[in-house]
Amino acid sequence: MTAAVPRASGDRLGRLLNLVPYLLSRPGILLAEAAADLDVSERQLREDLELLWVCGLPGYGPGDLIDMAFDGDRVTVTYDAGIDRPLRLTPDEALALVVALRMLAETPGMANRDAIQRALTKIETAAGDLADAPVAVRIPGNDDRLATIRGAVERRRALRLTYYTATRDETTVRVVDPMRVILVGGRSYLEAWCRRAEAVRRFRVDRIDGLVELDEPAAPPPEAELSDVADGVFQPTADLPLVTLRVGRSGRWITEYYPCERVEEESPDAWRVSLRVSDLAWARRFVLGLGPEVTVLAPAELADEIARQAAEALTAYPR
Amino acid sequence: MSRNRTERLVNLVICLLSTRRFLTAAQIAATVPGYEHDAEDPREHEAFQRKFERDKAELRDLGVPLETGTSSIFDTEPGYRIARREYALPEIPLEPDEAAAVGIAARLWRHAGLAAAASSGLAKLRAAGIDVDPHATLGVEPVVTVDPAFAPLTAAARERVEVSFEYRVPERDGKSRRRLQPWGVACWRGRWYVVGHDLDREAARCFRLSRIVGAVRTTGVAGAFEPPAGVDLISYVARWSGPVEHTGTATMLVRPGRAAGLRRWAESVESGPEGDRLRLRYSDAEGVAGWLVRYGPDVVVLDPPEVRDAVVARLREILAGARADAAVGTPSDTPVSAGWVAAP
């Protein structure tokens, strides 16, 4: 929501109006602590305090300007000039907080759901009419399984997973060092260091067919880094094979579900769609499953394999 | 904003919060440092008025509730004040675990605008004396992305303004302009939808936000419609996503060690001399046929005929399509043979 981005000019004013009540409720706070909490540099904080010090209504007597007492690196507001509360939430702030809390409350397997629900109720009460955010959230998922996995992550234990890998169509058993559980695009994933692949892998929770918590600590090596999944879990790279398909009307949905590199609408009955796949055998199953409305234009070996598989499969059925 | 202007605006807020009476522009100019000018000099006075207008706009943008009115019938021009109860964030008695949850919620958004709004909202809670543990986690981390249409549509739903937008559904050709009274936005299975009254279809409709092309336009005035009382947005979006009943059972032969994806869902697996015999529950013959065809010659359907026939029909069409393509020049050096076995 672009309207909610505070313009740089309004930033400081908003911060200053917050600063007085912030300090008022924390007498004698260390400047360094306040700066860290407010996400500004200590120098910026000192400049803000200097500015506030000369604010107030002159001519009304000695207690008319904002006043502060400094004790070494600590500060206490001794006169607030009437700014003793922060400004109420704006509609965009209320929306962003309320919807995010609804999102958390709906996330399957979430810990401390009770606290989230209580927080949501209180924020909604404080926001008044604004809390009536016209946004509903529902995220179906396997709560129990997720809670089990989350528990293992929190206890920092290694896991033995029985996992179905769709790209290779195989179920394997592997030991992993869990790192975190994430929910992306309505699906839950365990992100973990896979000792077999010796790399960080994301395991779709609905493809974890078995799970044993081991009696040894999770120990992801230092090189194990969490990945950025904001743009989706599968981010194709240029080194992966490129598959080009001719797609009829009923197969067009794939352009919404898979990251496509190109979509050319040659005619209503033939879209030319290019996408990168992590495995050609997966692509073969994918295209076979899409049925006659989708044919492979490239690579040729994929088209050949599909034709061979279809022909061979047909030999099992008497004409 | 210059230091002088920031200082003047803080003073303006202090001044208007401290008064119960409405203060006229002249009274404010006499009180707030930075507005000093010679009111008799038309140019100076005009400069002051422009400055004051800009400052009022700045405060309103920040969400400061400026009230306009007169204190008595003797006042000839309107004055200004800030009602404290409108200005101040009410008390929010958050327990530490509740505050931690709000802190996590505020970090949820990847969208720049929503992220900024959430963190400035959180800053206000902190200013109200609430301590937020920045290291708290809840074990599951939702990664939330929103489509560009999210912000204009939630705003329009809140203000009850009619909207129109270009909408594109992959199965249909081209796009169409839709006009909608938006009731609200719903997130279902990780996708965002807007639900409302479609002004052309004259019925409730939902639209996927990712299919909206270009800008969402608002038309008419705020408060133009009233959503149905107690409307359940999710019920519109999830209407076709109810549990599917698996009434049929299919039997098939599967090559040993193959089709792991099928085995996960099998009701039973029996090994025999010709392969593994799987029993699989299904709801719709065409649907399950599409799935089984994925595994090519690794799976042979035995029963029932409706699934077997659907699989055979699909295989024939796929083969015909592939041969037609080969005939028009898709390179295909190797002849189609029945002996080909999938690479492991």
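## How chains A and B fit together

In strand β5 of chain B, C187(B) is the bridge partner of V137(A). That little pairing is a handy way into this structure, which is a predicted model. From there, we'll look at the strands, then the wider contact between the chains, and finally one helix of chain A.

**Strands that cross between chains**

- The pair you just met belongs to a bigger match-up: strand β4 of chain A (residues 135-138) and strand β5 of chain B (residues 176-188) pair in the parallel sense, over four bridges.

**The contact between the chains**

- How many residues are in contact here? On chain B there are 110, and they touch 111 residues of chain A.
- Helix α6 of chain B (residues 112-127) gives the most to chain B's side, with twelve residues.
- Sort chain B's side by class and you get 66 nonpolar, 22 polar and 22 charged residues.

**A sheet within chain A**

- Chain A has an open sheet of four strands in the order β11-β12-β10-β13, and the pairing is antiparallel.
- Its edge strands are β11 (262-267) and β13 (294-298), each of which pairs on one side only.
- From one strand to the next, the twist averages 25°.
- Take β11(A) and strand β12 of chain A (residues 270-276): they run antiparallel and are joined by five bridges.
- Look for S267(A), which stands opposite A270(A) in β12(A).

**Helix α5 of chain A**

- Does the length of this helix add up, and why? Helix α5 of chain A (residues 113-127) has 15 residues, so at 1.5 Å a residue it should span 21 Å, and its end C-alpha atoms are indeed 21 Å apart.
- Several of its residues are buried, among them A115(A), I116(A), A119(A), L120(A) and I123(A).
- What covers the buried residues of α5(A)? The cover includes α4 of chain A (91-106) together with α5 of chain B (96-106).
- Just after α5(A) comes G128(A), with a positive phi near 60°.

**Where the two α5 helices meet**

- The axes of α5(A) and α5(B) come within 8 Å and cross at roughly 80°.
- An angle from 65 to 115 degrees counts as roughly perpendicular, and therefore α5(A) and α5(B) are roughly perpendicular to each other.
- On the α5(A) side, the contact is made by A115(A), I116(A), R118(A), A119(A), K122(A) and I123(A), while α5(B) brings D97(B), E98(B), A101(B) and V102(B).
- By class, the residues of this contact between α5(A) and α5(B) are six nonpolar, no polar and four charged.

Conventions:
Residues numbered from 1 in each chain as written. Chains lettered and ligands numbered in written order. Predicted model: local features only at pLDDT ≥ 70, side-chain atom pairs only at ≥ 80, totals over all residues. Contact = placed C-beta atoms within 7 Å. Nonpolar A, V, L, I, M, F, W, Y, C, P; charged D, E, K, R; others polar. Pairing = 2+ DSSP bridges. Axes fitted to C-alpha atoms, helices over the stretch in contact; angles between N-to-C directions. Expected span 1.5 Å × (residues − 1). Buried ≥ 20, exposed ≤ 12 C-beta atoms within 10 Å, placed from the backbone. Parallel < 35°, antiparallel > 145°, perpendicular 65-115°, else oblique.
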